[in-house]
Amino acid sequence: MDSSTPNRQASRSRDPERTKGEILAAALAVFAENGYDGARIQQISHRAGCNPRLIYHYFGSKDDLYLAALRKIYAEIRSREEDLNLAALAPREAILRLAEFTFDFFDGNAPFVSITRSENLLGGQYIRQLPEINRLSNPLIEKIAEVLKRGEGTGEIRPGIDPMQLYISIVALSAHHINAAHTLSATFGTDLTDPKWRQTRRAHVVTLVAAAVSKEKSQS
């Protein structure tokens with residue numbers, strides 16, 4: 001360790017919340033890069049610049065640290081969705097804004113995409129241990145349902161759309177090209193990681209969602 005280590009350790013002892021935040025940020029990066037099975041406490045402590053004992057002191061175990069990472073990434077996306085204030089927007093505008101946000105969030109948040117993909121490979125065994133994730137997520141579906149109901153009333157939105165099915169469809173449209181970027185790029189000879197392609201994809205996704213929710217105009 002360098003000569004600044006004692007000062008850094010002293011600073012951490014005076015600011016435990018900062019230390020926990022630094023450890024959690026490092027854990028997010030390491031879990032995103034290596035998955036749960038490939039991540040090591042030593043890697044996380046090195047990334048955070050702290051003694052491994054501090055990780056066990058604040059989080060207890062690797063499992064508990066991973067659970068904290070899952071909790072953090074889901075709390076972030078739910079908080080950002082709440083900030084959209086869908087209730088204040090016209091129904092069709094609200095659904096399209098949600099589609100734009102979801103696409104942009106996945107496109108700009110590699111740790112979320114990587115960690116949730118890894119958790120799916122684990123069969124969701126850890127996220128099932130976090131009942132608060134369900135409590136965080138249900139209000140979003142309720143808000144989408146309210147938007148759809150308003151839209152049916154104004155004639156903007158076609159009737160009978162299931163709010164959870166709609167949200168899962170938006171997620172699928174926003175994430176599959178990221179999760180399968182390398183195989184799809186090789187299959188079709190197109191670089192799906194290219195920013196211009198991603199912008200074209202974004203416009204396509206929003207257009208599809210608009211078509212899916214909009215009420216058909218009656219033929220004259």
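Is Glu-82 buried, partly exposed or exposed? At 48% relative accessibility, Glu-82 counts as partly exposed. The cut-off for exposed is over 50%, so the value of 48% leaves Glu-82 in the partly exposed class. The model examined here is predicted. Glu-82 belongs to one of its salt bridges, which are taken up below after the overall fold.

The protein chain is helical throughout its assigned elements, with 11 helices and 0 strands. The order from the N terminus is α-α-α-α-α-α-α-α-α-α-α. The C-alpha trace spans about 80 × 40 × 30 Å along its principal axes. Of the 220 residues in the protein chain, 41% are buried. Contacts between residues at least 6 apart in sequence were also examined. Of these contacts, 68% join residues at least 24 apart.

Two domains divide the protein chain. Domain 1 covers residues 16-60, and domain 2 covers residues 73-213. Their C-alpha centres are separated by 29 Å. At the interface, 6 residues of domain 1 are in contact with 7 residues of domain 2. The size of an interface is often given as the accessible area lost when the parts come together. Here the area buried between domain 1 and domain 2 is about 500 Å². Carbon and sulfur atoms give 76% of that area. On the domain 1 side, Leu-28, Ala-32 and Tyr-36 supply 75% of the area buried against domain 2. No other three residues supply as much. The residues of domain 1 that touch domain 2 divide into 4 nonpolar, 1 polar and 1 charged. Across this interface the rule finds 0 salt bridges. For polar contacts, it finds 1 residue pair, with both residues at pLDDT 80 or more.

Within the structure as a whole there are 9 salt bridges. Side chains of opposite charge can pair when their charged atoms come close. Three of the pairs are described here.

In the Glu-22 and Arg-18 pair, the closest N and O atoms are 3.0 Å apart. Both residues lie in helix H2. They are 4 residues apart, about one turn of the helix. Glu-22 has a relative accessibility of 25% and counts as partly exposed. Arg-18 is also partly exposed, at 47%.

A second salt bridge joins the side chains of Arg-47 and Glu-33, at 2.8 Å from N to O. This pair links distant parts of the chain, with Arg-47 in helix H3 (residues 41-48) and Glu-33 in helix H2. The two residues are 14 apart in sequence. Arg-47 is partly exposed, with a relative accessible area of 43%. Glu-33 is exposed, because its relative accessible area of 51% lies over the 50% cut-off.

The third pair brings back Glu-82. Its partner is Lys-143, and the closest N and O atoms are 3.3 Å apart. Lys-143 lies in helix H8 (residues 131-154), whereas Glu-82 lies in helix H5. The separation in sequence is 61 residues. Lys-143 counts as partly exposed at 29% relative accessibility.

Ile-23 offers a view of the interior. This residue lies in helix H2 (residues 16-38). Ile-23 counts as buried because its relative accessibility is 1%, under the 20% cut-off. Beyond its neighbours within four places in sequence, Ile-23 is in contact with Ile-44, Ala-48, Cys-50, Leu-54, Ile-55, Tyr-58, Phe-59 and Leu-65. Ile-170 is 147 residues from Ile-23 in sequence. In space, the two C-alpha atoms are 32 Å apart.

Thr-116 is found in helix H7 (residues 110-121). At 13% relative accessibility, Thr-116 counts as buried. A polar atom of its side chain lies 2.7 Å from the backbone oxygen of Phe-112. Leaving out residues up to four places away in sequence, Thr-116 touches Ile-73 and Tyr-74.

Asn-85 stands out by its backbone angle. Most residues other than glycine have a negative phi. Phi of Asn-85 is near 50°, a positive value. Asn-85 sits in the loop between helix H5 (62-83) and helix H6 (91-108). Its relative accessible area is 45%, so Asn-85 is partly exposed.

How values were computed
Residues are numbered from 1 along each chain as its sequence is written. This is a predicted model: local features need pLDDT of at least 70, side-chain atom pairs count only at pLDDT 80 or more; totals for chains, interfaces and linings use all residues. Side-chain values use heavy atoms; hydrogens and water are left out. Buried means under 20% relative accessible area, exposed over 50%, partly exposed in between (1.4 Å probe, protein chains only). Contact means heavy atoms within 4.5 Å. Domain bounds come from an automatic or database domain assignment. Buried area is the accessible area (1.4 Å probe) that two parts lose on being put together, summed over both. A salt bridge is a side-chain nitrogen of Lys or Arg within 4 Å of a carboxyl oxygen of Asp or Glu. A polar contact is a pair of N or O atoms within 3.5 Å; within protein, one must be able to donate a hydrogen and the other to accept it, and residues adjacent in sequence count only if both atoms are side-chain atoms. Ala, Val, Leu, Ile, Met, Phe, Trp, Tyr, Cys and Pro count as nonpolar, Asp, Glu, Lys and Arg as charged, and the others, Gly among them, as polar.
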